[in-house]
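Visitor: Hi, I've just opened this one and don't know my way around yet. Could you walk me through it?

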Amino acid sequence: MFELEEKGYFYLLLIIPILLGLFAYVQLWKKKKQAEFGDLQLIKKLSPERSIFKPILKFGVLLLAIFFLIVGLVNPKIGTKVEKVKREGIDIVFAVDVSKSMLAEDVSPNRLEKGKQLVSQIINNLGDDRIGIIAYSGSAFPVLPITTDYSVAKMFLQSMNTSTISSQGTSIDEAIQLSGQFFDKKAKTQKLLIIISDGEDHSDNAKDAAEEAKELGIKIITIGVGSENGGRIPLKINGIVEGFQLDKNGEIVVTKRNPEVLTEIAKVTNGNYIDGNNTKAVVDFITERLKNIEKNEFEGMEMANFQSQFQWFLGIGFFLLLLDLGMTERKTKWVKKLNLFNEKEDE
């Protein structure tokens, strides 16, 4: 089994057909100029040591060198087998609010980006825990199922925006209910749901959903982002503010963080609410809480002996480059004797 670490470098392979086209053009141009200069057979007799085949071979070696160097940059990785690995940790699901109110810039750069930064920093401080991600606004959407691959989790996290879910609102209850499907009910691992939201426009069923989560053994920690003074929701086109969100009466909407709702949800499961505007305080708090949660053993699938192979491709590429540099366009004596390419002149 294998994987390619930097697939973007494959675009460099477009150089090869471009070089092929240039080489063909140059060869046709040379042939045309030689025909203008004089008889082609006479020109061949005037340069008896010049090979017809060697320039093509030399160019082919150069293209091969470029190909291997590019594959080296892609860095193919080969794994010998997939094996079960035992880990100790808990299952954590992050539910990130992606409603329009999260675009308010009362915290820098805005509430949504602040929330994503918090999740990313928390992930950086995890050990062997499994994580999943949910996005929610008017409904909830599973972004990433439970996994131990933190790099993939961060990639999906960064792709989240207010367009991830078309329906607007803040249905925390649906996010809580969806998290129950992420956790393995048969597994003995501890279950933690971390909700990142401004707590505004919540549904009336959030407390009932939290009660159901408690019955499933899910503990909830809520993190509030935004200010209680509130902020406007900018409407941007190509990064430029063109105006602000208006309500039904044509007034500018001022959205405020609602810590009461988030605190109430957390208390139902004996969890905690924390102000999310201070990143370090949030990360330290979560890290400390995780230390006090009992870790359980679980099995995960992992690729064993998964190693980079770029050095082989780069080595072959550089060898072919040296071979190309040392290769002349003169006829090779022993090849000339064999006359494989009809290069021996008739006497």
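Guide: Sure. Let's start with a word we'll need: a residue is called buried when its relative accessible area is under 20%, exposed when that is over 50%, and partly exposed in between. Also, keep in mind that this is a predicted model.

Visitor: Okay, so how many of the residues of helix α6 are buried?

Guide: In α6, residues 172–182, 8 of the 11 residues are buried, so the helix is largely enclosed by the rest of the structure.

Visitor: Which ones are buried in α6?

Guide: They are I172, D173, A175, I176, L178, S179, G180 and F182.

Visitor: Let's switch to the sheet. What order do the strands come in?

Guide: The order is β6-β5-β4-β7-β8-β13, an open sheet of 6 strands with mixed pairing. The edge strands, β6 (140–147) and β13 (272–275), each pair on one side only. On average, neighbouring strands are turned by 15 degrees against each other, if you ignore direction.

Visitor: And what packs on the sheet?

Guide: Helix α9, residues 279–291, does, touching β4, β7, β8 (218–224) and β13. The direction of α9 makes about 155 degrees with that of β13.

Visitor: Do β4 and β7 run parallel or antiparallel?

Guide: Parallel: 6 bridges join β4 (residues 91–97) to β7 (residues 191–197).

Visitor: What stands opposite K191 in β7?

Guide: That's D91.

Visitor: New topic. How many salt bridges are there?

Guide: The count comes to 11 salt bridges. One of them pairs D198 with R111, with their closest N and O atoms 2.8 Å apart.

Visitor: Where do D198 and R111 lie?

Guide: D198 is in the loop between β7 and α7 (206–215), while R111 is in helix α4 (residues 111–124), so the pair ties together parts that are 87 residues apart in sequence.

Visitor: Is D198 buried or exposed? And what about R111, buried or exposed?

Guide: D198 is at 0% relative accessible area, so it counts as buried. R111 is buried too, also at 0%.

Visitor: Which other salt bridge does α4 have to show, say around E113?

Guide: The side chains of E113 and K116 meet in one, at 3.2 Å from N to O. Both residues lie in α4, 3 residues apart, which is about one turn of the helix.

Visitor: Why does E113 count as partly exposed? And why does K116 count as buried?

Guide: E113 has 27% relative accessibility, so it falls in the partly exposed range. K116 counts as buried because its relative accessibility is 2%.

Visitor: Back to α9 for a second. What do D284 and K280 do there?

Guide: Their side chains meet in a salt bridge, 2.8 Å from N to O. D284 and K280 are 4 residues apart in α9, so about one helical turn separates them. D284 is partly exposed at 41%, and K280 is exposed at 60%.

Visitor: Which residues do salt bridges with shared partners join into one network?

Guide: D106, R111 and D198. You've already met R111 and D198 as a pair.

Visitor: Last one: which residues form a nonpolar patch on the surface?

Guide: Y9, L12, I15 and L73 form it, with about 310 Å² of accessible area together. Y9 lies in the loop between β1 (2–4) and α1 (15–37). Y9 is partly exposed, with a relative accessible area of 37%.

Conventions: Residues are numbered from 1 along each chain as its sequence is written. This is a predicted model: local features need pLDDT of at least 70, side-chain atom pairs count only at pLDDT 80 or more; totals for chains, interfaces and linings use all residues. Side-chain values use heavy atoms; hydrogens and water are left out. Patches are made of residues with over 30% relative accessible area and no salt bridge: like charges are joined within 9 Å, nonpolar side chains (Val, Leu, Ile, Met, Phe, Trp, Tyr) within 5 Å. Accessible areas come from the Shrake-Rupley method with a 1.4 Å probe; for residues, only the protein chains shown count as cover. A salt bridge is a side-chain nitrogen of Lys or Arg within 4 Å of a carboxyl oxygen of Asp or Glu. Helices (H or I, at least four residues) and strands (E, at least two) are DSSP runs, numbered from the N terminus. Buried means under 20% relative accessible area, exposed over 50%, partly exposed in between (1.4 Å probe, protein chains only). Two strands pair if DSSP finds at least two bridges between them. Axes are lines fitted to C-alpha atoms, for helices over the stretch in contact, and angles run from 0 to 180 degrees between N-to-C directions. Contact means heavy atoms within 4.5 Å.
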